[in-house]
Amino acid sequence: MTNKEDKIVVVGAGLMGTGIAHAFASSGFATLLVDTNAESLTRAKGNIENILSTGVKLGKVTDEVARSSLANLITCGDLSEAALGANWLVETVSEQLAVKKAVLGQAAPLLASNAIIATNTSALSVTEIAASVPGFADRVVGMHFFNPVHKMKLVELVRGLATTDEVVVRTKALCDAIGKTSITVNESPGLTTSRMSALLGNEAMYMLQEGTATAEDIDTALRMGFNHPMGPLELGDLTGWDTRLSVLRYLHQTLGEKFRPCPLIIKMVAAGRLGRKTGHGVYRYEDGNRVPGSGLKASAL
């Protein structure tokens with residue numbers, strides 16, 4: 001069902017694109033990671049090297065696998081060049097409909113005749129994204145990975161209105177080939193996990209704003225009480241509060257008042273406190289590590 005000779009193009013060298021490119025390359029697929037920002041590509045490749053070297057140190061990855069994984073990975077600044085003849089295109093660009101449509105519109109005519117186009121959107125409409133490539137709409141599917149990709153096993157496969165059964169079956173097989181567990185979701189705002197995660201993160205921010213508990217204790221409650229690998233405020237810092245706010249606004253618009261963004265999220269985004277990527281969110285970060293005791297205090301709001 002899957003062919004390791006397939007050429008896979010991942011568009012967007014941000015946090016998710018980096019993880020997705022690593023997943024494909026480390027599973028033996030020829031992988032092209034595309035971004036117009038050269039610095040982002042350099043950073044992404046360095047992060048993938050770090051993931052692999054850490055795996056070697058922990059005994060989870062052999063030296064041979066690490067070397068072959070890097071050999072499978074190519075970075076490229078030109079989408080048209082990368083997309084030519086590709087069998088799969090996975091876009092991981094920002095959660096803006098216009099940006100995603102532009103990527104698909106540029107790449108689709110250049111892909112292999114039976115190529116599948118996957119969008120990593122966590123909340124936007126797969127059907128609406130597919131509308132930008134009417135001749136390819138039946139081959140567009142949602143392929144929502146989770147962060148950090150190299151640790152999280154789940155992928156949500158999202159059926160748009162035109163997505164065919166064959167495309168879902170082929171994409172599920174691709175997930176199997178990279179060691180991921182997939183679930184199939186009929187298109188709905190926020191899918192399954194984003195709806196639940198958005199509510200959880202939003203409520204955690206309301207609790208922080210109201211002074212119900214400290215940031216550290218809210219996160220500890222979810223980690224220790226519900227066995228979550230990461231608390232909702234830690235996760236928001238990792239994902240980026242600008243991304244979280246964009247998703248909440250979309251869900252608020254489509255699903256109603258229960259998704260109204262907490263004012264604290266709006267305030268933090270306006271202040272540029274977006275999380276790990278800016279060094280400051282709910283917590284502060286130095287050299288990528290969280291500063292102990294740095295959680296945002298209600299008294300400071």
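This note goes through the aromatic contacts, the charges over rings and the unusual backbone spots of a predicted model.

1. **Aromatic pairs.** The structure contains two aromatic pairs. One joins Phe24 to Phe29. Its geometry is edge-to-face, with 6.3 Å centre to centre and 85° between the planes. Phe24 and Phe29 are both buried.

2. **The second pair.** Phe24 also pairs with Phe145. This contact is edge-to-face too, at 6.3 Å centre to centre and 80° between the planes. It counts as edge-to-face because planes over 60 degrees apart fall in that class. Here the pair links distant parts of the chain, 121 residues apart. Phe24 belongs to helix 1 (residues 15-26). Phe145 sits in the loop between strand 6 (140-144) and strand 7 (154-159). Both Phe24 and Phe145 are buried.

3. **The cluster.** Which residues do the ring pairs link into a cluster? They are Phe24, Phe29 and Phe145. Phe24 takes part in the pair with Phe29 and in the pair with Phe145.

4. **Arginines over rings.** Two places deserve a look in the viewer. Arg170 lies over the face of Trp88, 5.7 Å from the ring centre. Arg290 lies over the face of Tyr283, at 4.0 Å from the ring centre.

5. **A cis peptide bond.** The bond from Asn147 to Pro148 is cis. Its omega is near -5°. Pro148 is found in the loop between strand 6 and strand 7. Phe145, of the second aromatic pair, is in the loop between these two strands as well.

6. **Positive phi at Asn227.** Asn227 is not a glycine, yet its phi is positive, at about 60°. Where does Asn227 lie? It lies in the loop between helix 9 (215-226) and helix 10 (232-239). Is Asn227 buried or exposed? Its relative accessible area is 68%, so Asn227 is exposed.

7. **Positive phi at Asp287.** Asp287 is another residue other than glycine with a positive phi, near 55°. Its place is the loop between strand 9 (285-286) and strand 10 (289-290). Asp287 counts as exposed because its relative accessibility is 80%, and the exposed class begins over 50%. Arg290, which lies over Tyr283, is within the range of strand 10 (289-290).

How values were computed: Residues numbered from 1 in each chain as written. Predicted model: local features only at pLDDT ≥ 70, side-chain atom pairs only at ≥ 80, totals over all residues. Heavy atoms only, no water. Phe/Tyr/Trp six-rings, centres within 6.5 Å; stacked < 30°, edge-to-face > 60°. Buried < 20%, exposed > 50% of the residue type's maximum accessible area, 1.4 Å probe, protein only. Helix = DSSP H or I, 4+ residues; strand = E, 2+ residues; numbered from the N terminus. Lys NZ or Arg CZ within 6 Å of the ring centre and 35° of its normal.
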